[in-house]
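Dear colleague,

I am handing over the structure below, which you have not worked with before, together with an account of what was found in it. Please keep it open beside this message as you read.

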Amino acid sequence: MKLHNSLGPNPRIVRMFAIEKGIELDKVEVDLMSAENRQAPFLEKNPSGQLPALETDDGAFVSEVTAICEYLDEKSSGPSLVGSTPEERAEARMWTRKVDLNICEPMANGFRFAEGLELFKDRLICIPQAADDLKATAQSGLDKLDGWMAGRTFLCGDRMTMADVFLFGMLDFFASAGQPVRPELKNVSAWFAHMADRPSAEASLHEVAAAVGMRG
Ligand SMILES: N[C@@H](CCC(=O)N[C@@H](CS)C(=O)NCC(=O)O)C(=O)O
């Protein structure tokens with residue numbers, strides 16, 4: 001398996017997930033800054049033109065972080081980071097979806113339409129006037145999550161899952177790009193610090209990003 005890899009939070013989530021699972025991935029670097037990902041031949045691998053993409057041993061390509069993580073989880077041995085029963089898997093998928101829709105996607109679009117506008121303006125439909133409202137939407141999602149996290153170590157209670165790796169990768173990146181985790185969110189902040197202490201957090205940083213202090 002090969003990970004088509006780059007800077008940014010999404011590939012980092014897959015790298016962190018793979019480290020947690022003890023999977024070593026060969027990496028093919030794609031230059032996101034020069035938009036190599038928005039041109040052939042990368043578009044044949046992922047028509048969305050985004051990183052990461054996982055090339056399977058059969059030569060197929062899987063994109064979208066959650067699909068890649070679930071694929072890696074199923075293809076490897078050891079404890080599952082999704083769940084070992086239908087109930088556990090439903091819980092992890094539910095939280096991954098909730099944090100994606102309510103926190104991560106508005107946070108990412110808030111960034112793309114503001115700090116990231118120069119990079120994204122010719123790649124996506126950008127709505128700069130929506131940036132502040134999207135950032136506020138993400139913060140409102142975090143406010144709600146803070147209540148949920150009271151008394152919980154992870155999103156799914158005592159179980160560290162794909163949902164935690166996903167949310168951590170996003171929050172860590174955007175915290176270094178204008179959307180910090182507010183300290184008054186006591187439960188989210190405690191969870192975030194706990195995730196940041198995992199060896200996989202540091203080990204999954206992209207070396208180019210790490211060199212310039214970026215968390216992705
Ligand atoms: N929903 C996608 C999001 C992927 C994404 O936004 N990737 C970023 C890197 S973190 C990217 O490719 N950005 C460059 C671009 O869109 O041209 C996923 O789950 O993989």
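A residue is taken to be near a molecule when its C-beta atom, placed from the backbone, lies within 6 Å of that molecule. With that in mind, the shell around the ligand holds 14 residues, of which Gly8, Asn10, Gln50, Leu51 and Val65 come nearest. By class, the residues of this shell divide into 4 nonpolar, 7 polar and 3 charged. Please bear in mind throughout that the model is a predicted one.

The strands at the start of the chain

Strand S1, which covers residues 2-5, runs parallel to strand S2, residues 26-29, and 4 bridges join the two. Within this pairing, Asn5 of S1 has Glu29 as its bridge partner in S2. Helix H1, residues 9-21, belongs with these two strands, since S1, H1 and S2 make a β-α-β unit that is right-handed. S1 also pairs with strand S3, residues 53-55, but here the sense is antiparallel and the number of bridges is 3. In that second pairing, the bridge partner of Lys2 is Glu55 in S3.

Strand S4 contains Phe61, a residue that counts as partly exposed because it has 16 C-beta neighbours inside 10 Å, where 20 or more would make it buried. Setting aside its neighbours within four places in sequence, Phe61 is in contact with Lys45, Asn46, Ala53, Leu54 and Glu55. Phe61 and Met1 are separated by 60 residues in sequence, while their C-alpha atoms are 9.8 Å apart in space.

Backbone features to check by eye

Most residues other than glycine have a negative phi, and most peptide bonds are trans. Against that background, four places deserve a look.

- The peptide bond from Ala40 to Pro41 is cis, with omega near 5°, and Pro41 sits in the loop between S2 and helix H2, residues 42-45.
- The peptide bond from Leu51 to Pro52 is cis as well, with omega near 5°, and Pro52 is placed in the loop between H2 and S3; Leu51 was also named above among the residues that come nearest to the ligand.
- Ala35, a residue other than glycine, has a positive phi, near 65°, and lies in the loop between S2 and H2. Ala35 counts as partly exposed, because 14 C-beta neighbours are found inside 10 Å.
- Glu64 likewise has a positive phi, near 80°, without being glycine, and its place is the loop between strand S4, residues 61-63, and helix H3. Because Glu64 has 15 C-beta neighbours inside 10 Å, it counts as partly exposed.

Two domains and how they meet

The domain assignment of the chain gives domain 1, residues 2-75, and domain 2, residues 86-199. Their C-alpha centres lie 20 Å apart, and 11 residues of domain 1 are in contact with 8 residues of domain 2. On the side of domain 1 that touches domain 2, H1 and helix H3, residues 65-75, each supply at least two residues. Which element gives the most to that side? The element is H1, with 6 residues. Sorted by class, the residues of that side of domain 1 divide into 7 nonpolar, 1 polar and 3 charged.

Helix H3 is worth a separate look, since its buried residues are Val65, Ile68, Cys69, Glu70, Leu72 and Asp73. An α-helix has 3.6 residues a turn, so residues three or four places apart point the same way. What covers the buried residues of H3 includes H1, S3, S4 and helix H7, residues 162-175. Val65 therefore appears twice in this account, as one of the buried residues of H3 and among the residues that come nearest to the ligand.

A last point concerns helix H4, residues 86-112, in which Met94 is placed. Met94 is partly exposed, because 13 other C-beta atoms lie within 10 Å. Although Met94 and Ala163 are 69 residues apart in sequence, they are 8.5 Å apart in space, C-alpha to C-alpha.

With best wishes

Notes: Residues numbered from 1 in each chain as written. Predicted model: local features only at pLDDT ≥ 70, side-chain atom pairs only at ≥ 80, totals over all residues. Pairing = 2+ DSSP bridges. Helix = DSSP H or I, 4+ residues; strand = E, 2+ residues; numbered from the N terminus. Right-handed = clockwise from strand over helix to strand, strands pointing away. Domains from an automatic or database assignment. Contact = placed C-beta atoms within 7 Å. Nonpolar A, V, L, I, M, F, W, Y, C, P; charged D, E, K, R; others polar. Buried ≥ 20, exposed ≤ 12 C-beta atoms within 10 Å, placed from the backbone.
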